[in-house]
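Q: Could you take me on a close look at the sheet in this model, strand by strand? I would also like to hear about the core that goes with it and any unusual backbone angles.

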Amino acid sequence: MITEEQYKKAIEDRKKAEDIISQYHQESNERFDERYQEFEKGTKPFTDDELRYAAYNRCPCGHGLAYPKNCRLNHFWDCSAILKGIADTKVQHTGKLPFMFYSIKSEDQPSARGATTRGPVVPQVKKDIS
Ligand SMILES: [Zn+2]
């Protein structure tokens, strides 16, 4: 039999845990925002280790689609070459593809069965936009 005292202690423990979880997410989001700002300023491109790649989908330039790990839920898929600061500016690249509008399988999903666009570029039909 659960006592009233045990019940009240459990409620209190849950509140403490929720505060820790909330603070953790807030700090994680702040770290991500700082990191993404470094990328946007052009001072620190992302590395492969920092990116999660699409299992199958590629940018028109041939590099895999990717997003930075630990990004927010309202983030988007982008060209991994852009994220790594190695994009060829003379070819077409994807626009930003928000998660909420594009269902793209990522390499870490079990159903991808190891498929990834990480690694060598696979030439697509290139369009010269210059
Ligand atoms: Zn691209």
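A: Here is a walk through the sheet, then its core, then two backbone angles. Please keep in mind that this is a predicted model.

Let's start with the overall layout. The sheet is an open one built from four strands, arranged in the order β1-β2-β3-β4 with antiparallel pairing. Its edges are β1, covering 51-58, and β4, covering 97-98, and each of these pairs on one side only.

Moving inward, we can look at how the strands are joined. Strands β2 and β3 run antiparallel and are joined by two bridges. Here you can find Leu65 standing opposite Cys79 in β3. Strand β3 spans residues 76-79 and also pairs with β4, again in the antiparallel sense and over two bridges. At that pairing, Trp77 has Leu97 of β4 as its bridge partner.

Now for the core. In soluble globular proteins, nonpolar side chains tend to be buried together. In this model, the largest nonpolar core has 15 residues, and the members that touch the most others are Leu51, Ala54, Leu65, Ala66, Cys79 and Leu83. At least two residues of this core come from each of β1, β2, β3 and α2, the last of these being 80-83. The largest share belongs to β1, which supplies four residues. Leu65 and Cys79, the pair standing opposite each other, both appear among those members that touch the most others.

Ala54 deserves a stop of its own. Leaving aside neighbours within four places in sequence, Ala54 is in contact with Gly64, Leu65, Ala66 and Trp77, among others. Its contacts also include Ile104, Lys105, Ser106, Glu107 and Thr117. Two of these partners, Leu65 and Ala66, are named with Ala54 among the core members that touch the most others. Another partner, Trp77, is the residue bridged to Leu97.

Finally, the backbone angles. Asn70 has a phi near 70°, a positive value in a residue other than glycine. You will find Asn70 in the loop between β2, residues 64-68, and β3. With 14 other C-beta atoms within 10 Å, Asn70 is partly exposed. Arg113 has a positive phi too, near 50°, and is likewise a residue other than glycine. Arg113 sits in the segment after β4. Why does Arg113 count as exposed? Because it has 8 other C-beta atoms within 10 Å, and a residue with 12 or fewer is exposed.

Methods. Residues numbered from 1 in each chain as written. Predicted model: local features only at pLDDT ≥ 70, side-chain atom pairs only at ≥ 80, totals over all residues. Pairing = 2+ DSSP bridges. Buried ≥ 20, exposed ≤ 12 C-beta atoms within 10 Å, placed from the backbone. Core = buried A, V, L, I, M, F, W, Y, C linked by C-beta atoms within 7 Å. Contact = placed C-beta atoms within 7 Å.
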